Amino acid sequence: MAEVVTRLAAAENTRVTREECAVISLDSVTREYAARCGVVRALDSATFSIVAGEWVAITGPSGSGKSTLVNLLGCLDRPTCGVLKIDGVDVAAMSAKELDRFRADKIGFIFQQFHLIPYLSALENVMLAQYFHSMTDEAEARAALEKVGLGDRMAHLPSELSGGEQQRVCIARALINNPPILLADEPTGNLDQANQKIVAELLQQLHAAGHTIVMVTHDPEMAALAPRKIALNHGKVFCAPVRGVVRLQ
Ligand code: ADP
Ligand code: MG
């Protein structure tokens, strides 16, 4: 991805379009479900792109299509029609097995319910993600937990951690394999205010460090932190306009 952007920048005098350097791009992406009462169009012809380093909040009322969109962006599902590209690759062309590998490389998931393994320590939970991706590296896993402020909690089981600490383990786990995209689904949905603040600050730090974050949230305070908002209503996407050209250093 970085080389493509560099080449494009050189060719176009350091100016490239958003579409050309998008890490996520949707072109008329529709997802329909067959329901008993007929076809439900959960996502209706969505067209937008997200470039490296953006922090985007996806908001919308219940039933508006947020989970449908997250499942597509996380390569857990495929569009009914339209083109979805993640890091320049059209996901429709991949087999289920290829998609599993692709997802492990490209997406770090941060879930509302944490989904930590209860009988593994914080360190082991992070190392398990390394194991499923390629191979374990304890020093790297320790460094990832230190980075999220859990250097003194590595041996703790999830039940011995606060909600905010558990979510920070999830963030370390999401980052451990260096994915280009962090996909967060209601990352503070299960947290009290103090822990929400801690996680919000961590996301702010990750954004400042250049990570690409796509975050679904019901919470206006969380949404306000993200510089870009994408609103969904009845499956339709409403994006505030963004500049079409990216200037690179
Ligand atoms: P949100 O996450 O914003 O609450 P969803 O993406 O879950 O919205 O759902 C969008 C619409 O699609 C809703 O009308 C929902 O009932 C419908 N829907 C979601 N999943 C399915 C499914 N598997 N089968 C049928 N309809 C579905
Ligand atoms: Mg949902």
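The legends below accompany several close-up views of a predicted model.

**View 1. The whole chain, with its helices and strands.**
In this predicted model, the chain contains eight helices and 12 strands. Its C-alpha atoms fill a box of roughly 55 × 45 × 40 Å when the box is taken along the principal axes. A compact globule of 249 residues would have a radius of gyration near 18 Å, and because the chain itself has 18 Å, the two values agree. Of the 249 residues, 38% count as buried. Among the contacts in the chain with a separation of 6 or more, 71% are accounted for by residues that stand 24 or more positions apart.

**View 2. The open sheet of four strands.**
Four strands form an open sheet, and following its order one meets β3, then β2, then β5 and then β6, with antiparallel pairing. The edge strands are β3 and β6, the latter covering residues 89-90, and each of these two pairs on one side only. Strand β2 is joined to β5 by five bridges, and these two strands run antiparallel. Between β5, which covers residues 81-86, and β6 there are two bridges, again in an antiparallel arrangement. Ile86 can be used to follow the sheet from strand to strand, since this residue is the bridge partner in β5 of Ile24, while its own bridge partner in β6 is Val89. In a regular strand the side chains alternate between the two faces of the sheet.

**View 3. The hairpin of β2 and β3.**
Here the view is restricted to two strands of the sheet, β2 and β3, which a hairpin joins through two residues. The two strands pair in the antiparallel sense over 10 bridges. Two pairs of residues help the reader to trace this ladder: Arg31 has Leu43 of β3 as its bridge partner, and Ala22 stands opposite Val51 in β3.

**View 4. The surroundings of ligand 1.**
Which residues surround ligand 1? The shell consists of Tyr33, Ala35, Val40, Ala42, Gly60, Ser62, Gly63, Ser64, Gly65, Lys66, Ser67 and Thr68. The elements that give two or more residues to this shell are β2 (22-35), β3 (38-51) and α2 (66-73). Helix α2 provides the largest share, which is three residues. Sorted by class, the shell has four nonpolar, seven polar and one charged residues.

**View 5. Helix α4 and the helices it packs against.**
Helix α4 runs over residues 122-133 and has 12 residues. From its first C-alpha to its last the helix reaches 17 Å, close to the 16 Å expected at 1.5 Å a residue. Within α4, the residues Ala122, Leu123, Asn125, Val126, Met127 and Ala129 are buried. The buried residues of this helix pack against α5 (138-147) and α6 (163-175). An α-helix has 3.6 residues a turn, so residues three or four places apart point the same way.

**View 6. Helix α6, a mostly covered helix.**
The 13 residues of α6 should span 18 Å at 1.5 Å a residue, and because its end C-alpha atoms are 18 Å apart, the helix agrees with that expectation. How many of the 13 residues of α6 are buried? The helix is mostly covered, with 11 of them buried. Including residues of several kinds, the buried set is Glu165, Gln166, Gln167, Arg168, Val169, Cys170, Ile171, Ala172, Arg173, Ala174 and Leu175. These buried residues pack against two strands, β7 (107-110) and β8 (181-185), and against the helices α4, α5 and α7 (193-208).

**View 7. Leu161 in the loop between α5 and α6.**
Leu161 is found in the loop between α5 and α6. Is this residue buried, partly exposed or exposed? Leu161 has 19 other C-beta atoms within 10 Å, and because a residue needs 20 or more to count as buried, Leu161 is classed as partly exposed. Leaving aside its neighbours within four places in sequence, Leu161 is in contact with Ala122, Arg153, His156, Gln166 and Val169. Two of these partners also appear in earlier views, for Ala122 is listed among the buried residues of α4, and Gln166 among those of α6. Although Leu161 and Ala122 are 39 residues apart along the chain, their C-alpha atoms are separated by 9.0 Å.

Conventions
Residues numbered from 1 in each chain as written. Chains lettered and ligands numbered in written order. Predicted model: local features only at pLDDT ≥ 70, side-chain atom pairs only at ≥ 80, totals over all residues. Near = placed C-beta within 6 Å. Nonpolar A, V, L, I, M, F, W, Y, C, P; charged D, E, K, R; others polar. Expected span 1.5 Å × (residues − 1). Buried ≥ 20, exposed ≤ 12 C-beta atoms within 10 Å, placed from the backbone. Contact = placed C-beta atoms within 7 Å. Rg over C-alpha atoms; globule rule 2.2 N^0.38 Å. Pairing = 2+ DSSP bridges.
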